[in-house]
Amino acid sequence: MIKLTNILNEMSEVNDDLKIDLLDTTVNRKILSLILKSHPELPIKLKDYIRHSDTKQYRKDYVYRKIEDFINTKLGIRDSEVVIGVALFYLINPLVGDPKTEEMYGAKDIYHSFIQFTGDEIDEFTETDTEECDECIGYGYEDCGYCDTDGEEVCGECGGDGFVEDEDGEEGDTLDCGTCNGSGVVECDECGGAAEVDCRECDGNGTVDVEYTRYDLPINTMRFISFQKLDYQNLDEYKYTPISDFHSKNEEKKYFLWVNDIEFESARDNTDDLVYDKNELIETQQNKISLYDIKYML
Ligand SMILES: [Zn+2]
Ligand SMILES: [Zn+2]
Ligand SMILES: [Zn+2]
């Protein structure tokens, strides 16, 4: 463990500093210095990231993952606030060489914003659902139509008489029918005497598979970091899609896609049940980064 005790001790003492400058703290500088020593490739990787920073998620980028991994495993600190603080501190100081001594940018004018919008396509999936059989209401059986639920049928051997002609005897002599033992009826061949047979609709399962179409509309929540306010005006009157309009409005500004969460709104059988339309702007929000944001900026 690298100086972990020292770092943790300092962390408890720097709270006042944090209020003045959220990211430029002794602790963040020390941690960053350790990371850069053990990952000299990070400055190049960070430059790569920054080139595509408006559409590429920092939280999923190599740089963020290395920082997170280092803090978690090498320093043994499992605190997302620390990870986010250091990762953000490094993101806004891409040219840093020696974090311990160089002048660095803190977090006085950083904005955290999000834009939530639906995607431009609705995905269709054919799915199968198991439902109770309508025909037998889940019972699995139906009345035997062959014996009309009697469970028995007329004996085919004696035609229901119960006796057959005795071929060895005199004319007119009869014997009890061996097939039905003289009763004239036998068990129904169809239902075996049960008076019920498997429901034809569901093959006796009580349930049937029903195919339906599921429609998924993606809902994107993109969180950005920027050094100046981003323009969210009139995105609901977009020309193409809310997000493409957002990018073109803010072309001149530098901003970073922190994370893009994608959820889906689903509807069954038709799209009328979807609350949102395609390419709909749902919500935007923008505020200066505070300690609170850093804690909860997930
Ligand atoms: Zn059935
Ligand atoms: Zn029957
Ligand atoms: Zn018979």
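Two residues are in contact here if their C-beta atoms, placed from the backbone, lie within 7 Å. The exercises below concern a predicted model.

**Exercise 1. Helix 5 against helix 6**

Task: Determine which residues of helix 5 meet which residues of helix 6, and how the two helices are oriented.

Solution:
1. Helix 5 covers residues 62-74 and helix 6 covers residues 80-91.
2. From helix 5, the contact residues are Y64, I67, E68 and I71; from helix 6, they are V82, V83, V86, A87 and Y90.
3. Sorted by class, this contact holds eight nonpolar residues, no polar ones and one charged residue.
4. Two packed helices are described by the angle between their axes and the distance between the axes.
5. For helix 5 and helix 6, the axes come within 9 Å and cross at roughly 140 degrees.
6. Angles over 145 degrees count as roughly antiparallel and 65 to 115 as roughly perpendicular; helix 5 and helix 6 are therefore oblique to each other.
7. The hand of the crossing between helix 5 and helix 6 is right-handed.

**Exercise 2. Helix 4 against helix 5**

Task: Describe the packing of helix 4 on helix 5 by angle, distance and contact residues.

Solution:
1. Helix 4 spans residues 42-51.
2. The axes of helix 4 and helix 5 are 8 Å apart, at an angle of about 140 degrees.
3. That angle makes helix 4 oblique to helix 5.
4. Helix 4 contributes L42, K45, L46 and Y49, while helix 5 contributes Y62, V63 and K66.
5. The class count for this contact is five nonpolar, no polar and two charged residues.

**Exercise 3. A lysine between two helices**

Task: Place K56 in the fold and decide whether K56 is buried, partly exposed or exposed.

Solution:
1. K56 sits in the loop that joins helix 4 to helix 5.
2. Within 10 Å of K56 there are 15 other C-beta atoms.
3. A residue is buried at 20 or more such atoms and exposed at 12 or fewer, so K56 is partly exposed.
4. Apart from neighbours within four places in sequence, K56 is in contact with Y49, D61 and L257.
5. K56 and L91 are 35 residues apart in sequence, and their C-alpha atoms are 13 Å apart.

**Exercise 4. Domain 1 and domain 2**

Task: State the domain division and characterise the contact between domain 1 and domain 2.

Solution:
1. The chain is divided into domain 1 (4-101), domain 2 (114-128 + 213-290) and domain 3 (141-198).
2. Between the C-alpha centres of domain 1 and domain 2 the distance is 29 Å.
3. Ten residues of domain 1 touch nine residues of domain 2.
4. On the domain 1 side, these are four nonpolar, three polar and three charged residues.

**Exercise 5. Positive phi values**

Task: For I137 and T149, give phi, location and exposure.

Solution:
1. Most residues other than glycine have a negative phi.
2. I137 has a positive phi, near 50 degrees, and lies in the loop between strand 2 (123-132) and strand 3 (141-143).
3. With 10 other C-beta atoms within 10 Å, I137 is exposed.
4. T149 also has a positive phi, about 65 degrees, and lies in the loop between strand 3 and strand 4 (152-154).
5. With 14 other C-beta atoms within 10 Å, T149 is partly exposed.

Note on methods: Residues numbered from 1 in each chain as written. Chains lettered and ligands numbered in written order. Predicted model: local features only at pLDDT ≥ 70, side-chain atom pairs only at ≥ 80, totals over all residues. Domains from an automatic or database assignment. Nonpolar A, V, L, I, M, F, W, Y, C, P; charged D, E, K, R; others polar. Axes fitted to C-alpha atoms, helices over the stretch in contact; angles between N-to-C directions. Helix = DSSP H or I, 4+ residues; strand = E, 2+ residues; numbered from the N terminus. Parallel < 35°, antiparallel > 145°, perpendicular 65-115°, else oblique. Left-handed = near helix turned anticlockwise from the far one by under 90°.
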